[in-house]
Amino acid sequence: MLNMDKKLAKREEEGKIIRAGIVGAGQMGRGMVTQMALMKGIMPAIVSDIKFENVINAFHYAGISDEDIAVAKTLEEANRYMEQGKYVATENSDLISQANLVEVAIDVTGVPEVGVKIAIDAMNNKKHVVMMDVETDVVIGSYLKKLGDKNGVIYTGSAGDEPGAVMELFSFARAMGMEVVVMGKGKNNKLDYDCNPDTVLEEATRRKMSPRMLTSFKDGTKTMVEMTAMSNATGFVPDVIGGHGPAASPKDRCADLNQIFRLKKDGGILDKHHVVEYVNGIAPGVFVTVTTENEEIAYQMGYHSMGPGPLWTLYRPYHLCNLETPLTVAKIVIDHEPTIIPLGGPVSECITVAKRDLKAGETIDGIGGYTTYGSIATAQETYEKGYVVYALVNKNTRMKCDVKKGTLLTLDMVDLDTSTQLYQVRKEQDKMYNNGYALK
Ligand SMILES: NC(=O)C1=CN([C@@H]2O[C@H](COP(=O)(O)OP(=O)(O)OC[C@H]3O[C@@H](n4cnc5c(N)ncnc54)[C@H](O)[C@@H]3O)[C@@H](O)[C@H]2O)C=CC1
Ligand SMILES: N[C@@H](CC=O)C(=O)O
């Protein structure tokens, strides 16, 4: 993001304010609105939420007064108010994809069945798209990237959340000619595979967050989703299904990771390198572990206090999630560059695990719910075994047989809801890459 402060200040001076449209003013959306309102050269010009009061609260938290906020119900109103320089509040997310002055649409709902529509409509209307909703990205990101290319706009994941934050380190290391062998993130929210929105309710209320979202963090789903996004953007894969999830000490994290991420034959935990991982004890940071075959560089790394090698870890001790997302918006409009995008077809998939024993005939639920959680597997093993791509599981999904807690669900075990746009787009994506995944 070098020089982005100057570039944004210049846009402000020239009156070329970047107008962003935001869908979802929940915990992340509202912080994003505030951060963007405080920045130069960019504004949260139109914000939508099905809970309308969330939009008004978001503008108020940002210090925007009622006289500068206009409520739009129609596209004509949204266009008119935006031309007047108002902050536009709406319940109708279609206006974000359609309003003339929106340059970049940001999905911050975390709901794949919502994200698919926002992204497709916005790009078909020649808006760039930032998918903070990484849950959507990992199921149809390859399709969306191609749709962006077709429309001459940029589709990208967001800076600030772990996948975008670690891509900065990945790109930094590779630009210097280093070999990255592991990329990953610290595990926030201690793992609790059995949790559900009821068991986390007190904590979620205290932390002012959605119980479903917190459930998806604690049961590991979000971490698996994030590793899948990293994998799809780099070609790195999980070493084993679900990753190893080792622990490192907060104090000696880099030194610990330099040992842990050796190959098994060298005393570490890994069967191979070029993998994605998560680590307990080092949150909220992200890291890449690098190596070199060159003895002089190995000596120089030691001299620069990075340790004796042959592995060294570059660690970023923070990721500011939503607060960094506006930088992705700026990077798209000013530098015409994405933050994190799938390389091509999926490299890994987020797959479905039974959270408890499930019975034939019962309906189950998806992300952040009561009956399932996500894991990560390579795309190849997902298609070979027929593992169920997690975001396709919704509350209309029915079990066709009994399974035990911990089972990796396969397509023959469930009746998926085939009526959703998400399901249909995912089928299109599988066709694009001819990967043999057997959706009906
Ligand atoms: N909460 C956190 O700590 C973090 C969340 N994220 C990601 O940010 C995204 C949002 O997460 P949160 O803000 O925590 O969720 P949230 O549940 O607090 O907010 C989502 C908002 O989207 C709104 N929404 C749902 N459907 C909609 C629709 N059709 N049209 C308009 N608005 C709609 C909801 O009413 C809600 O206000 C997710 O993708 C999540 O993974 C990323 C990093 C950290
Ligand atoms: N990445 C977090 C959740 C927020 O994004 C986690 O690992 O729990």
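Visitor: How many cavities of 30 Å³ or more does the structure hold?
Guide: Three cavities reach 30 Å³ or more. The model is predicted: local features need pLDDT of at least 70, side-chain atom pairs count only at pLDDT 80 or more, totals for chains, interfaces and linings use all residues, and side-chain values use heavy atoms, leaving out hydrogens and water. Residues are numbered from 1 along each chain as its sequence is written, while chains are lettered from A and ligands numbered from 1 in the order in which they are written.

Visitor: Why is a space called a cavity rather than a pocket?
Guide: On a 1 Å grid over the protein atoms alone, a 1.4 Å probe fits in a cavity but cannot get out; a pocket is an open set with protein on both sides within 12 Å along at least five of seven lines. The largest cavity holds about 80 Å³. The second largest pocket holds about 290 Å³.

Visitor: Which residues line the largest cavity?
Guide: Lining residues have an atom within 4 Å of a grid point. Among them here are M131, M132, D137, G157, A229 and I340. The α7 helix (134-151) and α8 each supply at least two lining residues. Domain 1 (4-160 + 323-335) and domain 2 (162-319) each give at least three. By class, six lining residues are nonpolar, three polar and two charged.

Visitor: What lines the second largest pocket?
Guide: It has 13 lining residues, and M167, E168, S171, P338 and T339 lie nearest its centre. The largest share, five residues, comes from α8. Both α8 (162-175) and α11 (221-234) supply at least two. The classes are six nonpolar, three polar and four charged.

Visitor: Which residues come nearest to ligand 1?
Guide: Q27, M28, D49, N54 and E135, out of 24 around the ligand. A residue is near if one of its heavy atoms lies within 4 Å.

Visitor: What makes the approach of E135 to ligand 1 a polar contact?
Guide: A polar contact is a pair of N or O atoms within 3.5 Å. An N or O atom in the E135 side chain is 2.6 Å from a ligand oxygen, so the pair qualifies. The N54 side chain has such an atom at 2.9 Å from a ligand oxygen. For M28, a polar backbone atom lies 2.7 Å from a ligand oxygen. The protein covers 88% of the 830 Å² that ligand 1 has accessible on its own, by the Shrake-Rupley method with a 1.4 Å probe.

Visitor: Where does ligand 1 lie relative to the two domains?
Guide: Ligand 1 lies between domain 1 and domain 2, because both give residues to its shell. The shell has ten nonpolar, eight polar and six charged residues.

Technical notes: Polar contact = N/O pair within 3.5 Å; in protein donor to acceptor, adjacent residues only side chain to side chain. Nonpolar A, V, L, I, M, F, W, Y, C, P; charged D, E, K, R; others polar. Domains from an automatic or database assignment. Points joined across faces, edges and corners; volume = space filled by probe spheres on them. Helix = DSSP H or I, 4+ residues; strand = E, 2+ residues; numbered from the N terminus.
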